[in-house]
Amino acid sequence: MSNYEFKSNFSEYICGLIKQKRAIGYKYEPQEAILRRFDMFCYTYYPNEHTLTKELVLHWGTRTCTESIRTQRRRITPIRSLGEYISCFAEKEAYIYPMRVLPRHSSYTPHIFSDEEIKNLFEAIDNVKYCVNAPIRHLILPIYFRVLYCCGLRLSEVQKLTPEQVDLENGILTILDSKNGKDRLIPMHESLTEMCRIYAKKARIYETNQAYFFPNTCGGEYSSSSLYKFFRAKLWECRISHGGRGSGPRIHDFRHTFAVKCLKSWVISKKDLNACLPYLKTYLGHCSFNDTAYYLRLTADIYPELLKQIEESCGGIIPVIGGELNA
């Protein structure tokens, strides 16, 4: 915890919440910064208030004229957790900001790539040419995007992969300090593992002591902007329509596509989704089943012929689509 001294009447509960979150493995640093601001807010505007009231919470949650919806939601979420902590562990009255009315990030609905689009995209990615200024770029990008798609990873998780985190003998990726401070192991298909072995040998990743498994020309991690520019060019080459920045398709939609196609396969195979969802939740590194269940609705919307089977299996946890998911 930082050296900040909490001053409001909620300081004991705020410190307790932060300690609890870190005890179960979360870094909770951005959230602590928000809670420090909330503490000062309470100390300034509600100095005599000892109860987390609806008026106080809604006052804090009011969106400012310069604030994005994403920032507003990020600012509200730790205060919702604080309300839950006070109610549960302190057994005191506390207003909990309703999850159903938390502002959505945007109206963006993920693009789920069809099998034909995936085929065409990877054919285009495989045709990347040798560049004298980036001599191993043509080796990196075909594997980079396959790891993204085939393992359902976040872009940042692939960017930060080091050679030590890629076990080419057993085909296991070790994802460290991911979103919410989580670590996890990701098994790769043997064919992808073999492609990684060939790439690592050709690029001399282990021989040259590279800091990253996919290094840029300076030996650092590939930037999001350069990857996005390459991705946009390949979308254009494959005649896949793009609505402009913020409209998609996005690189992150590879992850959405991975999850939806996994669920589709389970539904067709008549797997018990209630039993399988925990595996997908762990594999994707989700904190909440709500994040994983989101993909059930995407699957049902994109493959309506499967809707009946999905609803029969776990219809009670299918959420409504209406906002962006960055999980």
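Helix H6 is largely enclosed by the rest of the structure, because 12 of its 15 residues are buried. The model is a predicted one, and buried here means under 20% relative accessible area. The buried residues of H6 include Leu139, Ile140, Leu141, Pro142, Ile143, Tyr144 and Phe145. Arg146, Val147, Leu148, Tyr149 and Cys151 in H6 are buried too. The length of H6 can be checked against a simple rule: at 1.5 Å a residue, its 15 residues should span 21 Å, and its end C-alpha atoms are 21 Å apart, which agrees. After H6 comes Gly152, with a positive phi near 60°.

H6 belongs to a protein chain with 13 helices and 3 strands. The chain has 327 residues, of which 48% count as buried. Among its contacts between residues at least 6 apart in sequence, 61% join residues at least 24 apart.

Helix H9, residues 224-237, gives a second case for the length rule. At 1.5 Å a residue, the 14 residues of H9 should span 20 Å, and the C-alpha atoms at its ends are 20 Å apart, which agrees. Which residues of H9 are buried? They are Leu227, Tyr228, Phe230, Phe231, Lys234 and Leu235. These residues cover an arc of only 165° around the axis, which puts them on the same side of H9. The spacing along the sequence fits a general property of helices: an α-helix has 3.6 residues a turn, so residues three or four places apart point the same way.

The other face of H9, turned away from the buried side, carries the exposed residues Ser225, Lys229 and Trp236. The buried residues of H9 are covered by parts of the structure that include helix H5 (115-126) and helix H6 (137-151). Helix H7 (155-159) and helix H10 (253-268) are also among the elements covering them. H6, itself largely enclosed, is thus met again here as part of the cover over H9.

Just after H9, Arg239 takes a positive phi of about 60°. The charged end of Arg239 sits over the ring of Trp236, at 5.9 Å from the ring centre. Trp236 is one of the exposed residues on the outward face of H9. Another charge placed over a ring is that of Lys7, which lies over the face of Tyr43, 5.7 Å from the ring centre.

Rings also pair with one another, and the structure holds 23 aromatic pairs. One of them joins Phe41 and Tyr46: their ring centres are 5.9 Å apart and their planes stand at 50°, so the pair is tilted. Both Phe41 and Tyr46 are buried.

The strands come next. They form an open sheet of 3 strands in the order S1-S2-S3, with antiparallel pairing. The edge strands, each pairing on one side only, are S1 (166-167) and S3 (184-187). S1 and S2 are joined by 2 bridges and run antiparallel; in one of these, Asp167 has Ile172 in S2 as its bridge partner. The two strands form a hairpin with 4 residues between them, and Gly171 in the turn has a positive phi of about 70°.

Strand S2 (residues 172-175) is joined to S3 by 4 bridges, and this pair is antiparallel as well. Following the bridges from S2 into S3, Leu173 has Ile186 as its partner, Thr174 has Leu185, and Ile175 has Arg184.

Which side chains of S2 are buried? Leu173 and Ile175 point to one face and are buried, whereas Ile172 and Thr174 point to the other and are not. S3 shows alternation too: Arg184 and Ile186 point to one face and are buried, while Leu185 and Pro187 point to the other and are not. The bridges link buried residues in the two strands, as with Leu173 and its partner Ile186. Thr174, which is not buried, has as its partner Leu185, which is not buried either.

A last stop is a loop. Between helix H3 (54-61) and helix H4 (69-89) lies Glu67. Is Glu67 buried or exposed? Its relative accessible area is 11%, so Glu67 is buried. Apart from neighbours within four places in sequence, Glu67 is in contact with Thr62, Gln72 and Arg75.

Note on methods
Residues are numbered from 1 along each chain as its sequence is written. This is a predicted model: local features need pLDDT of at least 70, side-chain atom pairs count only at pLDDT 80 or more; totals for chains, interfaces and linings use all residues. Side-chain values use heavy atoms; hydrogens and water are left out. Two strands pair if DSSP finds at least two bridges between them. The expected span of a helix is 1.5 Å times one less than its number of residues. Buried means under 20% relative accessible area, exposed over 50%, partly exposed in between (1.4 Å probe, protein chains only). The arc is that of the directions from the helix axis to the C-beta atoms. Contact means heavy atoms within 4.5 Å. Rings of Phe, Tyr and Trp (its six-membered ring) pair if their centres lie within 6.5 Å; planes under 30 degrees apart count as stacked, over 60 as edge-to-face and the rest as tilted. A charge sits over a ring if NZ of Lys or CZ of Arg is within 6 Å of the ring centre and within 35 degrees of the ring normal.
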